[in-house]
Amino acid sequence: EAFYYCPALTEITLPEGLEEIGEYAFLNTGITELTIPNSCTKFHVSGMDNLTTLTLPAGLTELPKGGFEGMRSLVSVTLPAGITDIPQTAFWRCTSLKSLTIPEGVKTIGKAAFAESGIESIVIPESVEKIDDKTFQGCPNLESIDIKAPIKSLPDFFAFECPNLKSVSLPEGLEEIGCLAFVYCSSLKKLSLPSTVKNIKYAAFAETGLESVSLPDCIEHVGE
């Protein structure tokens, strides 16, 4: 709690050699930009309500679980190339975060990682092996999702209630679309299903703007 509740503190320079930033160290400060030194491997930035720009250590391989959730002023954060996992609720309710590049090398995206954020478009790279539920649930500004990852299953509630979602690119090899995956995506007018899709679960496209969908020849089950 080194600088706990110092609202007049708007700038700080952290030295190389710093190894850890404790929980609540910058809670309720006025800091808007923060660069975490490359030497720092453990840190907490939760509660930095005024932070707009965050630079993470270049050698970082693991993000803190839910480490940025609820940071409504956060506009820019660059994920280091060594990151392999985007944890559960990592950017939940980061409403000012409009864009983010997921590095090639990320293998898993946790539950509700970007839910209720301000993300406008996203590319999921080929390295991703697993995507958990509610990934983009309730993202009002999300317009485009491009999935390059060779996943077999799209999770439940994947883009639930994303009213401005217009473009979704699904990968060949996809076999299952989860329940309620695109419910209330009212701007989604067109969608091309991969030829490999076998199972479309309950209400996957309910209350969307889809005008027509061609089902692949290998389809085995379509939920109500």
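Let's start with exposure: a residue is buried under 20% relative accessible area, exposed over 50%, and partly exposed in between, using a 1.4 Å probe and protein chains only. Y5 makes a handy first case, since at 55% relative accessibility Y5 counts as exposed. The model you're looking at is predicted: local features need pLDDT of at least 70, side-chain atom pairs count only at pLDDT 80 or more, and totals for chains, interfaces and linings use all residues. Residues are numbered from 1 along each chain as its sequence is written, and side-chain values use heavy atoms, with hydrogens and water left out.

How confident is the predictor here? That's what pLDDT tells you, residue by residue, on a scale from 0 to 100. The chain has a mean pLDDT of 92, with 99% of its residues at 70 or more. Among the elements, the lowest mean belongs to β13, at 88, and the highest to strand β8 (residues 144-147), at 98. Those element names come from DSSP runs numbered from the N terminus, where helices are H or I with at least four residues and strands are E with at least two.

Now back to Y5, which sits in the segment before β1 (33-35). Together with Y4 and Y24, Y5 forms a nonpolar surface patch with about 350 Å² of accessible area in total. Areas like that come from the Shrake-Rupley method with a 1.4 Å probe, and for residues only the protein chains shown count as cover. Patch members must have over 30% relative accessible area and no salt bridge; nonpolar side chains (Val, Leu, Ile, Met, Phe, Trp, Tyr) are joined within 5 Å, like charges within 9 Å. E23 also lies in the segment before β1, and at 42% relative accessibility E23 counts as partly exposed. If you want a long span to trace, go from E23 to N141: they are 118 residues apart along the chain, and their C-alpha atoms are separated by 31 Å.

Next, the strands. Two strands pair if DSSP finds at least two bridges between them. One open sheet has 3 strands in the order β1-β2-β3, with parallel pairing. Its edge strands are β1 and β3 (76-78), each of which pairs on one side only. From one strand to the next, the twist averages 5°; here axes are lines fitted to C-alpha atoms (for helices, over the stretch in contact), and angles run from 0 to 180 degrees between N-to-C directions. Between β1 and the parallel strand β2 (residues 53-55) there are 3 bridges, and L34 stands opposite L54 in β2.

Another open sheet has 4 strands, ordered β9-β11-β12-β13 and again paired in parallel. In this one β9 and β13 are the edges, each pairing on one side only. β9 meets strand β11 (residues 176-177) in the parallel sense over 2 bridges, with S153 opposite E176 in β11.

Strand β6 (residues 121-124) is worth a look for its two faces: I122 and I124 are on the covered one, S121 and V123 on the uncovered one. β6 pairs with β8 in the parallel sense over 4 bridges, and V123 has D146 of β8 as its bridge partner.

D146 brings us to the salt bridges, defined by a side-chain nitrogen of Lys or Arg within 4 Å of a carboxyl oxygen of Asp or Glu. How many does the structure hold? There are 4 salt bridges. One of them joins K148 to D146, with the closest N and O atoms 3.1 Å apart; K148 counts as partly exposed at 43% relative accessibility. Another links the side chains of K201 and D156 at 3.5 Å, N to O. This pair ties together distant parts of the chain, 45 residues apart: K201 is in the loop between β12 (199-200) and β13 (221-222), D156 in the loop between β9 (153-154) and β10 (167-169). K201 is partly exposed, at 27% relative accessible area, whereas D156 counts as buried at 18%. D132 and K130 also meet through their side chains, at 3.9 Å, N to O. D132 is partly exposed at 26%, and K130 is partly exposed at 46%.

One last stop is P155, in the loop between β9 and β10. Buried or exposed? P155 is buried, with a relative accessible area of 7%. P155 and D133 are 22 residues apart in sequence, and their C-alpha atoms are 5.0 Å apart in space.

Note on methods:
pLDDT is the predictor's confidence in each residue, from 0 to 100.
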